[in-house]
Amino acid sequence: MDLEPKFVDMADHGDDEQYADMKLRFWVGVVLSVPLLVIAMGPMLGLRISDWMSQTVFAWLQLALATPVVFWCGWPLLVRGVKSFRSMNLNMFSLIAVGTLAAYLFSLVVVLMPGVIPAAFFENGVPPLYFEAAAVIITLVLLGQVLELRARQQTGGAIRELMQLAPETAHRLTDNGEEEVSLDSVHKGDRLRIRPGEKVPVDGRVLSGSSSVDESMLTGEPIPVQKSEGDEVTGGTLNQTGALVMEAVGVGGDTVLSRIVQMVADAQRSRAPIQKLVDVVARYFVPAVIVCSILAFIGWAMFGPEPALAHAFVAAVAVLIIACPCALGLATPMSVMVGVGRGAKEGVLIKNAEVLEVMEKVDTIVVDKTGTLTQGRPEVTAIKTFGGTSEPEILALAAAVETQSEHPLAQAIVRRAKQDATTQHEATAFSSITGGGVRARVDGRDVIIGKADLLIEQNVDGVDAGRAEATKHQSEGATVIFVAVDGQLAALMAITDPIKPSTPAALETLHELGLKVVMLTGDAEPTAKAVATKLGIDEYHAGVSPEDKHAFVRRLKSEGKTVAMAGDGINDAPALAEANVGIAMGTGTGVAIESAGVTLVGGDLRGVAAASNLSRKTMSNIRQNLFFAFIYNALGIPVAAGLLYPFFGILLSPMIAAAAMSFSSVSVITNALRLRAAKLT
């Protein structure tokens, strides 16, 4: 088969050129084969061709029409067939080459040296010609190739749509002003201007300006995201209202969009484990067919009616052609290509075909809470102060400390302080405390922020007084952190990470698919219980560390479960790698995405349900295709060999065998293309 490019190139039109070439060969074959068929089959239909021309002219005219069909139209097929015998890697082209060349060369000998043909071949006193069989077989096989290439183009539509999201040019700012350059000319560190209504050319960081950016192509969310200085922007997203100046950070193959395109392309080229069964069958199938063809020839030559050798030759060629395993070869890759492309359109990126096969068997979904079930952007929803300290004062002290932390809860406190426009302070002697907390000095005061148990370990007074208040917030699904100032409990803060609006419906779909959902979270027991109860999650575990997540997934696997793990952070990467299928939310870190077999571009739990549905429908489609291919050959070979002749007097023409073979390929392609309309969510 033709080689596939390893890396996707926007300028590559290889498939288009190959499709155009095959289509031209097919139509030339049709134009020459139709008159050839009329001339050859005319006498059987009452057209007395012999009244218009002599037998010699009749034979030479057929030779003239058939030769370009076999040796120009069918040249790519014959080349592949000859190569298969040289390498002894026999395939569908082996049978096509043997069958068509046998029919053509026998007929050529009849035209050039009729005297060497045994009388046992003669029909109505003259040796038969099979030029029309060779030409029509080639034309029908070309039809199958054209349909396959057209289908492959359609399956590649997902990649082309993704690639077209990126603009062709960018506006680069230089010391001499502004210049328009192609995307290939953009380098890391370049300053680029993005006007309203233009697409962001590459991944980067906003240097100046403010605008809302439509990121729906990545996240699936229709609401534009506000971008200003310091924010990251992604190539292919649409700038809406304002003008931005950005610094290029990820260019060429390093952009998010390029990585997505390459991931889809790699997956479409990959092989599902079920393909190994097909490979084993194919290894023995072609030699077995050649043996069947020889046995059919011998059987007809010894026991068939006159002309025995003519009947034997027709049966042998028909067996070779009808058994052509092109449908078998197409069954798995066509379904994989269409399935992966369909997933890409839904924002479900499959790493390889093996993931599709394993995902179908998954019975347990393990999910992280933050960023998977929730929005991953926590908000401070309540502040309770103790000892007469005011809320603005506590918020200012806490924000000064947490500014130096990257933790999502810390960022929630900083955002709340900015929102309330509290006085800004500077923290010194910042340190992280083992066990989940931070410590620093702010304006000469010692500030500790963390869990209740941590503050007790640090000999903070009054912590027990805040536990009752904390439990109340935790029962409502909030995470509670304690703030101590100078060794005394000063406040507690309830921080809530809102559940994504799509999460309840996604969980309902997962349950309908018969999947058990387990939530793992580092949150406290009351918080985890509140979220699990609200969402109807089957099982939950609180206070779980990254090591615990990894161990939990391993334990589930040891119990015989097939596990898919969905997460978005660096802390999820070990568990994602350990799971049978790792599912990374696209909004998460590169480490998580690298560890996963499935990436959900939108970071939405609905994508987990879509991935599960996609795997089931794709694997079902593959099995249907394999059934079509196997049953077709199981029935076709005996019929071509003449099994029905003693009962019904039916002997299959090689042309009918070629038509049936092409139909089998078309049925497999058509069935695979049904996946394009599959409903995933």
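User: Which residues are buried in helix 2 of this predicted model?

Analyst: A general point comes before the list. An α-helix has 3.6 residues a turn, so residues three or four places apart point the same way. In helix 2 of this predicted model, the buried residues are F58, A59, Q62, L63, L65, A66, V69, V70 and C73.

User: How many residues does helix 2 have, and what span should they give?

Analyst: Helix 2 has 19 residues, which at 1.5 Å a residue should span 27 Å. The C-alpha atoms at its ends are 27 Å apart, in agreement with that expectation.

User: Where does helix 2 bend?

Analyst: The bend is at A66 and amounts to about 30°. A proline, P68, follows A66 within four residues. A66 is also one of the buried residues of the helix.

User: How should I read an aromatic pair?

Analyst: A pair of aromatic rings is described by the distance of the centres and the angle of the planes. This structure holds 4 aromatic pairs. One of them is formed by F71 and Y104, with 5.0 Å from centre to centre and 80° between the planes, an edge-to-face arrangement. F71 belongs to helix 2 (residues 55-73) and Y104 to helix 4 (residues 92-112), so this pair ties together parts that are 33 residues apart in sequence.

User: Is F71 buried or partly exposed?

Analyst: F71 counts as partly exposed, because its relative accessibility is 34%. Y104, in contrast, is buried, with a relative accessible area of 4%.

User: Which other ring pairs with Y104?

Analyst: Y104 also pairs with F131, again edge-to-face, at 5.5 Å centre to centre and with 65° between the planes. This pair links distant parts of the chain, since Y104 is in helix 4 and F131 is in helix 5 (residues 131-155), 27 residues apart. Both Y104 and F131 are buried. Taken together, F71, Y104 and F131 make up one aromatic cluster.

User: Which residue lies over the face of W72?

Analyst: R25 does, at 4.7 Å from the ring centre of W72.

User: How does helix 14 compare with its expected span?

Analyst: Helix 14 (residues 391-402) has 12 residues, and at 1.5 Å a residue these should span 16 Å. Its end C-alpha atoms are 16 Å apart, which agrees.

User: How many residues of helix 14 are buried?

Analyst: The count is 9 of 12, so helix 14 is largely enclosed by the rest of the structure. The buried residues are I394, L395, A396, L397, A398, A399, A400, V401 and E402.

User: What does the largest nonpolar core contain?

Analyst: It has 43 residues, and I583 and V598 are those with the most contacts inside it. Helix 23 (residues 606-641) gives the most to this core, contributing 8 residues. At least three residues come from each of domain 1 (13-161 + 266-336 + 620-677) and domain 3 (347-375 + 499-608).

User: How far apart in space are residues that are distant in sequence?

Analyst: Compare separation along the chain with C-alpha distance. M22 and V146 are 124 residues apart in sequence, and their C-alpha atoms are 6.0 Å apart. M22 is in helix 1 (residues 14-41) and counts as buried at 3% relative accessibility.

For I622 and M334, 288 residues apart along the chain, the C-alpha atoms are separated by 8.4 Å. I622 lies in helix 23 and is buried, with a relative accessible area of 0%.

L454 and V438 are 16 residues apart in sequence and 9.9 Å apart in space, C-alpha to C-alpha. L454 is in helix 16 and counts as buried at 3% relative accessibility.

User: Which residue in strand 13 has a positive phi although it is not a glycine?

Analyst: That residue is A429, with a phi of about 55°. Strand 13 covers residues 427-433. A429 counts as exposed, because its relative accessibility is 59%.

User: And where is N459, and what is its phi?

Analyst: N459 is in the loop between helix 16 (452-457) and helix 17 (463-474). Its phi is near 60°, a positive value in a residue other than glycine. N459 is exposed, with a relative accessible area of 64%.

Technical notes: Residues are numbered from 1 along each chain as its sequence is written. This is a predicted model: local features need pLDDT of at least 70, side-chain atom pairs count only at pLDDT 80 or more; totals for chains, interfaces and linings use all residues. Side-chain values use heavy atoms; hydrogens and water are left out. Rings of Phe, Tyr and Trp (its six-membered ring) pair if their centres lie within 6.5 Å; planes under 30 degrees apart count as stacked, over 60 as edge-to-face and the rest as tilted. Helices (H or I, at least four residues) and strands (E, at least two) are DSSP runs, numbered from the N terminus. Buried means under 20% relative accessible area, exposed over 50%, partly exposed in between (1.4 Å probe, protein chains only). A charge sits over a ring if NZ of Lys or CZ of Arg is within 6 Å of the ring centre and within 35 degrees of the ring normal. The expected span of a helix is 1.5 Å times one less than its number of residues. The bend at a residue is the angle between axes fitted to the seven residues ending there and the seven starting there. A nonpolar core is a set of buried Ala, Val, Leu, Ile, Met, Phe, Trp, Tyr and Cys residues joined through side-chain atoms within 4.5 Å. Domain bounds come from an automatic or database domain assignment.
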